Amino acid sequence: MVSRRAALGGVVAAAAMVLSGCGRLLRGKDVSAEAQEAAAAVDGVASVELEQKAGATFERLLSGTVSLEAEDRDAGIDVYDEAMRAIITVVHDRIGGDEARTLRVGWILGVLADGTELDVFVLDPETKGEDPRRDQVTAGSLYSRYGLS
């Protein structure tokens, strides 16, 4: 006969195994290192720090900062745009399909040399709408901008 304590321990252990496997499935292929390297190669980028993870509602996120050498906002936007092109292209090429299209990228920020932050909405002001939400910007929403399909 199995004690309640032993049975409960077994259930907890089984649940932990299932959940840890589930986390691996939700993360999918991690392209953060490749995307970081591609963005860092863009002229005018000082450094890049990206992280891929599962969000609170199990959506997949690629977030981080692209530090820019530019102090001028317009020049910084141009460099940030090219860095995002490099990042989205890596996502498209390495992950592919719906998994790549649905990867949330709205929390990748460009940071000018003076500390001013740029978000994805500076790339296409028309997408802002009344209540812009960075957490809803996906890689797929930028495909047409960068000539991807």
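**Exercise 1. In this predicted model, find how strands β2 and β3 are joined, and in which direction they run.**

*Solution.* Start with the two stretches: β2 covers residues 60-68 and β3 covers residues 108-111. Next, look for the bridges between them; there are 4, and the two strands run parallel. For one pair to click on, take Gly64, whose bridge partner in β3 is Ile108. As background, strands of a sheet pair through backbone hydrogen bonds, either parallel or antiparallel.

**Exercise 2. Place these strands in the whole sheet: what is the strand order, and which strands are at the edges?**

*Solution.* Begin with the chain as a whole, which has 4 helices and 4 strands. Along the sequence they follow the pattern α-α-β-β-α-α-β-β. In space, the sheet is open and has the order β1-β2-β3-β4, with mixed pairing. The edge strands are β1 (45-54) and β4 (117-118), each of which pairs on one side only.

Now step from β3 to β4. These two are joined by 2 bridges and run antiparallel, with Val111 standing opposite Glu117 in β4. They form a hairpin with 5 residues in between, and Gly115 in the turn has a positive phi of about 95°.

**Exercise 3. Are the residues on the two faces of β3 buried or exposed?**

*Solution.* Recall first that in a regular strand the side chains alternate between the two faces of the sheet. Then sort the residues of β3: Ile108 and Gly110 belong to one side, Leu109 and Val111 to the other. All of them are buried, and both faces of the strand are covered.

**Exercise 4. Work out why Ser63 counts as buried, and which residues it touches.**

*Solution.* Locate Ser63 in strand β2. Its relative accessible area is 13%, and the cut-off for buried is under 20%, so Ser63 is buried. Leaving out residues up to four places away in sequence, Ser63 touches Glu49, Leu50, Glu51, Lys53, Trp107 and Ile108. Leu50 is 13 residues away along the chain, yet the C-alpha atoms of Ser63 and Leu50 are separated by 5.6 Å.

**Exercise 5. Check the length of helix α3, then describe its ends and its packing.**

*Solution.* Take the length first. With 22 residues at 1.5 Å a residue, α3 should span 32 Å; its end C-alpha atoms are 31 Å apart, which agrees.

Turn to the ends. Asp72 caps the N-terminal end, with a side-chain oxygen 3.4 Å from the backbone nitrogen of Asp74. After the helix comes Gly96, with a positive phi near 75°.

Finally, see what lies around the helix. The buried residues of α3 include Ile77, Tyr80, Met84, Ile87 and Val91. Their cover includes α2, β1, β2, α4 (97-101), β3 and β4. Of these, helix α2 (residues 32-40) lies across β1 and β2, running at about 160° to β1. Helix α3 (residues 73-94) itself packs on the sheet, where it touches β1, β2, β3 and β4, and its direction makes about 145° with that of β2.

**Exercise 6. Is Asp81 buried or exposed, and what is it in contact with?**

*Solution.* Find Asp81 in helix α3. Its relative accessible area is 14%, so Asp81 is buried. Setting aside neighbours within four places in sequence, Asp81 is in contact with Leu123, Arg145 and Tyr146. To close with the wider picture, buried residues make up 37% of the 149 residues in the protein chain.

Methods:
Residues numbered from 1 in each chain as written. Predicted model: local features only at pLDDT ≥ 70, side-chain atom pairs only at ≥ 80, totals over all residues. Heavy atoms only, no water. Buried < 20%, exposed > 50% of the residue type's maximum accessible area, 1.4 Å probe, protein only. Pairing = 2+ DSSP bridges. Contact = heavy atoms within 4.5 Å. Axes fitted to C-alpha atoms, helices over the stretch in contact; angles between N-to-C directions. Expected span 1.5 Å × (residues − 1). Polar contact = N/O pair within 3.5 Å; in protein donor to acceptor, adjacent residues only side chain to side chain.
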